Each structure stands twice: as C-alpha cells, then as structure tokens.
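This report examines selected features of one protein chain. Please look over the sequence and the structure before reading on.

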Amino acid sequence: MRKLQLHWKILIGMLLGILFGFVMTYPDWGRDFVADWINPFGTIFVKLLKLIAIPLILASLVKGISDLKDISKFRNIGVRTIIIYVCTTVVAITVGLLLVNTLVPGKGISQDTIDKLTSTYASDAGVTSKLEEASRQKESGPLQFLVDMVPDNALNAMSENSLMLQVIFFAIFLGISMLLIGEKDAKPLKNFFDSLNEVVLKMVDLIMLTAPYAVFALLAGVVVSSSDPELLLALLKYSGVVVLGLLLMIVFYSIVVSTFTGYNPFAFLSKISPAQLLAFSTSSSAATLPVTMERVEEHIGVDKEVSSFVLPVGATINMDGTSLYQGVAAVFIAQALGFPLDFSGQLTIVLTALLASIGSAAVPGAGMVMLVIVLESIGFPPDKLAIGLALIFAVDRPLDMCRTVVNVTGDATVSMMVAKSVGKLGEPKVKEWDDHYDEVK
C-alpha cells in the first residue's frame with residue numbers, strides 16, 4: 001500500500017464503513033454486531049495512534065531544538081506560531097458569526113422540536129458531564145492555564161495525552177538545556193532522540209497500513225450509534241451553516257498557502273488528505289497528530305525544527321474549526337430560545353472562544369465544554385444551559401468530525417507559513433514503511 005494511493009484507500013474505507021453502518025441499522029442484531037465485532041478494530045487503531053503521539057512529540061521536539069545552532073531561531077518560530085494561530089482563530093470565529101447572523105438558522109426551529117430535543121437530551125449523561133466540566137474550568141483562576149502547562153512529574157505528563165502541553169514544555173526545556181551544555185556533552189542524548197524519532201516515524205508508517213480498514217470500522221460505529229433521524233433533519237439548517245463555515249475555512253487556508261508560500265493549494269490538500277480523513281474518522285486532533293506530522297514533514301517539506309513545535313502546539317491550542325462552531329452554536333441557541341444578543345455580546349463570544357480554545361483538550365467532545373463557557377460569558381441563563389446543549393447534542397458528533405478536519409488543516413497551514421518565514425520549507429523526502437525491509441527479511 002503505497003503512500004500516493006493512501007488517501008484513496010482511506011476514502012474508500014470511509015464510504016464502505018458509512019454504507020455498512022446504514023445497512024446494519026435495520027436488523028435488530030445489527031447494532032450489537034457492529035459494536036461487538038467491528039468497533040474494536042477502530043478503537044485499536046485510535047489507541048495505536050495515541051500510543052505514539054507523546055513519544056513522537058518528545059523525540060521530534062527535542063531533536064528539532066537540539067539541531068538549532070542559534071537559540072534565537074526557536075524564539076522566532078514560537079512567537080510567529082502563536083501570533084498566526086491567534087489570527088486564524090479570530091478569522092474562524094468571525095466567519096462563523098457572519099454566517100449565523102446572515103442565515104439565522106435558529107428561527108427555523110419550532111417549539112415542538114425544541115421540546116422534543118430537550119426531553120431527549122437535557123438529562124443525557126453526555127450533556128450533564130459537559131456542564132460539570134465547564135463549571136470546573138470556570139472556577140479556576142485566569143492564569144491557571146499557565147500553571148497547567150508546567151508538569152511536576154515528567155513521567156506523569158507523558159502518561160496522559162490530555163497533558164500534551166506539559167510534554168511540550170518538558171521537551172522544550174530539555175532541548176534548550178541540551179543546547180546550553182555544548183554539542184560534545186549533549187551528543188549521546190541527542191543521538192538517542194534522533195534514533196527514537198526515526199523509530200516512531202516508522203511506527204506511523206506501519207500503523208497507516210491498517211488505516212483504510214480502521215476508518216471502515218470507525219465510520220460504521222458512528223453511523224449505527226447515530227441519533228433519531230427526525231431530530232437530525234430538524235437541525236439540518238444549523239448543521240449546514242456550521243459545515244458551510246468550515247468549508248470556507250478550508251478555502252481560506254488554501255488561499256493563505258498559495259499566497260504566503262507559493263505552494264499549489266490543490267497539491268497541499270492532496271498531500272495532507274490522509275490526515276484530514278483520519279481527523280474526520282477519529283474526531284481527535286491528538287490522535288491524528290502523528291499522521292499530520294508525517295505528512296507535513298515528508299510530503300510537504302516542512303523542516304522538523306518547525307513542525308515539531310508548531311504541530312503539537314497547534315493540536316492543543318489551535319481550534320479554528322471548534323471556535324467557528326462555538327460562534328455558530330452560541331448564536332443559534334440564542335436565536336432558538338429567544339435570548340437577545342447584541343453586538344457587544346457577539347464581541348464577547350469572539351474573545352471568550354479565543355481564550356477557551358487555548359485551554360481546550362485535543363479530544364472528542366471538548367468543543368461542547370468550551371461552548372458552555374462561551375454561553376456563560378454572554379449572560380445566558382444558567383437554568384437554560386442544559387436546554388441549549390440539548391438543542392445541538394444530536395448533531396454534535398458528526399459536526400465534531402467535520403471541525404476536527406479544519407483544526408488539522410489549520411495546523412498544517414500554519415506550519416507551512418512559519419516554515420516559509422524562517423526559510424525552513426524545503427523539498428519533500430518521502431519515506432516508505434519498507435525502505436529497509438531488504439536488510440532484515
């Protein structure tokens with residue numbers, strides 16, 4: 001299975017998985033069959049990607065920093081990364097707000113639909129857990145995200161994917177310290193991380209051999225566990241606004257790539273498409289991160305010095321798709337429930353969604369936790385928060401899949417922009433899983 005054909009194989013796997021899932025919703029035993037015999041293969045695939053995410057971040061970031069001859073280069077990369085991420089997030093939120101105010105999807109929701117959605121989802125465990133998590137995050141101080149970035153135990157930080165920022169902090173600290181002790185003393189440790197980086201990238205290649213079959217299992221599981229079709233249709237206009245906004249962000253990224261890097265936007269989208277398809281299937285930027293790094297480095301030509309910092313940071317703090325969704329969802333809920341929302345309220349949405357995206361975990365469902373924080377920031381009645389989430393809960397998973405695609409595409413776009421700005425965007429050097437197979441067979 002060669003890399004050039006991988007995105008087509010994954011796409012075929014996705015389509016077959018969706019078709020199989022629809023077919024298996026009709027027999028009484030179909031859902032149980034998919035849950036017991038199909039889902040586990042998709043779960044194993046996601047676990048494998050998450051398994052190598054932390055080792056890859058650690059090895060590639062330490063290698064990237066230790067390869068630098070001038071520490072000021074890393075400062076330049078860091079500053080440019082944060083500024084560009086903030087700018088793209090503001091663009092995403094603005095696009096979402098413009099669309100939802102223009103198309104007004106909340107006006108098309110009848111009271112009967114609101115009542116049905118409320119009775120179905122307001123007391124759902126998924127909704128209540130999001131409210132509890134948002135309440136916990138809101139109680140923390142304004143600088144808590146800085147405290148959370150610094151680990152008190154490096155091994156503990158590496159044991160949990162949600163602590164990715166702590167791993168990044170430790171890797172940067174370690175890499176800079178290696179630079180400061182001199183090349184001679186740092187060489188043994190540097191050689192270790194160089195070797196570890198190559199091994200983990202080879203693991204990515206091997207895991208990707210199973211990707212078409214895994215996405216079949218993942219999509220089949222999503223389809224058979226989908227909500228009431230009538231409720232999905234009732235939210236079609238709202239979903240359409242979100243998806244339209246996400247598509248406009250893909251167009252925006254393509255224009256940015258073409259303008260600032262001179263790279264063919266169609267070639268760009270083609271080369272990162274395996275990462276996009278996996279993002280759609282897993283709904284997790286963290287799980288997709290190893291594939292995103294491999295595609296950007298080997299297939300686009302972004303130097304590891306840049307990708308090893310920009311992409312892990314982006315998977316944690318750059319949530320363009322999620323931020324756009326929050327803007328649309330917040331205004332949609334206000335429209336549907338008759339909550340007045342003026343310009344200052346919408347400006348508050350922009351600022352709150354921007355700040356919330358920085359502290360959001362790169363895992364499925366984190367967007368709804370951020371949405372609660374956004375709704376509370378505009379003075380939405382606390383007793384109606386559960387109703388507000390219930391209105392959109394039925395379509396949250398498919399929209400989560402779509403917005404994760406945008407998150408990953410945004411990360412890749414920014415990595416190219418930063419690489420171009422520091423002269424680190426070169427020729428691709430594609431590595432296949434069997435490059436050294438003849439030596440060991």
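Which helices each supply at least two residues of the nonpolar patch? They are α2 (30-66) and α9 (183-208). The model discussed here is predicted.

## A nonpolar patch on the surface

The patch is formed by F41, I44, L48, L51, V199 and M203, and together these residues have about 550 Å² of accessible area. Helix α2 gives the most to the patch, with 4 residues.

One of the patch residues, L51, is placed in helix α2. L51 counts as exposed because its relative accessibility is 53%, and the cut-off for exposed is over 50%. A contrasting case comes from helix α9, where A186 is located. A186 has a relative accessible area of 7% and is buried, since buried means under 20%. The C-alpha atoms of A186 and S308 are separated by 19 Å, although the two residues are 122 residues apart along the chain.

## Two kinked helices

Helix α13 covers residues 265-282. Its 18 residues should span 26 Å at 1.5 Å a residue, and the end C-alpha atoms are 24 Å apart, which agrees. Even so, α13 has a kink of about 55° at S273, shortly before the proline P274. Both S273 and P274 are among the buried residues of α13, a list that also includes F268, I272 and L277.

Helix α14 covers residues 285-300. How far does α14 span between its end C-alpha atoms? The span is only 19 Å, whereas a straight helix of 16 residues would span 22 Å at 1.5 Å a residue. A kink of about 35° is centred on V291 in α14. Of the 16 residues of α14, 16 are buried, so the helix is largely enclosed by the rest of the structure.

## Salt bridges

Side chains of opposite charge can pair when their charged atoms come close. In this model the count comes to 9 salt bridges.

One of them joins the side chains of E198 and K431, at 2.9 Å from N to O. E198 lies in helix α9 and K431 in the loop between α20 (396-421) and α21 (437-440), so the pair ties together parts that are 233 residues apart in sequence. E198 is partly exposed, with a relative accessible area of 37%, and K431 is also partly exposed, at 30% relative accessibility.

Another salt bridge is formed by the side chains of E305 and K424, at 3.3 Å from N to O. This pair links distant parts of the chain, with E305 in helix α15 (residues 304-317) and K424 in the loop between α20 and α21, 119 residues apart. E305 is buried, with a relative accessible area of 12%. The side chains of R403 and D396 meet in a further salt bridge, at 3.2 Å from N to O. R403 is buried at 0% relative accessible area, and D396 counts as buried at 8%. In addition, K63, D67, K190 and D194 are linked in a network of salt bridges.

## Cysteines and disulfides

A disulfide is a covalent bond between the sulfur atoms of two cysteines. How many disulfides does the structure hold? The number is 0. Two cysteines may be compared by their exposure: C87 is partly exposed, with a relative accessible area of 43%, and C402 is partly exposed, with a relative accessible area of 23%.

Notes. Residues are numbered from 1 along each chain as its sequence is written. This is a predicted model: local features need pLDDT of at least 70, side-chain atom pairs count only at pLDDT 80 or more; totals for chains, interfaces and linings use all residues. Side-chain values use heavy atoms; hydrogens and water are left out. A disulfide is a pair of cysteine sulfur atoms within 2.5 Å. Buried means under 20% relative accessible area, exposed over 50%, partly exposed in between (1.4 Å probe, protein chains only). Patches are made of residues with over 30% relative accessible area and no salt bridge: like charges are joined within 9 Å, nonpolar side chains (Val, Leu, Ile, Met, Phe, Trp, Tyr) within 5 Å. Accessible areas come from the Shrake-Rupley method with a 1.4 Å probe; for residues, only the protein chains shown count as cover. A salt bridge is a side-chain nitrogen of Lys or Arg within 4 Å of a carboxyl oxygen of Asp or Glu. The expected span of a helix is 1.5 Å times one less than its number of residues. The bend at a residue is the angle between axes fitted to the seven residues ending there and the seven starting there.
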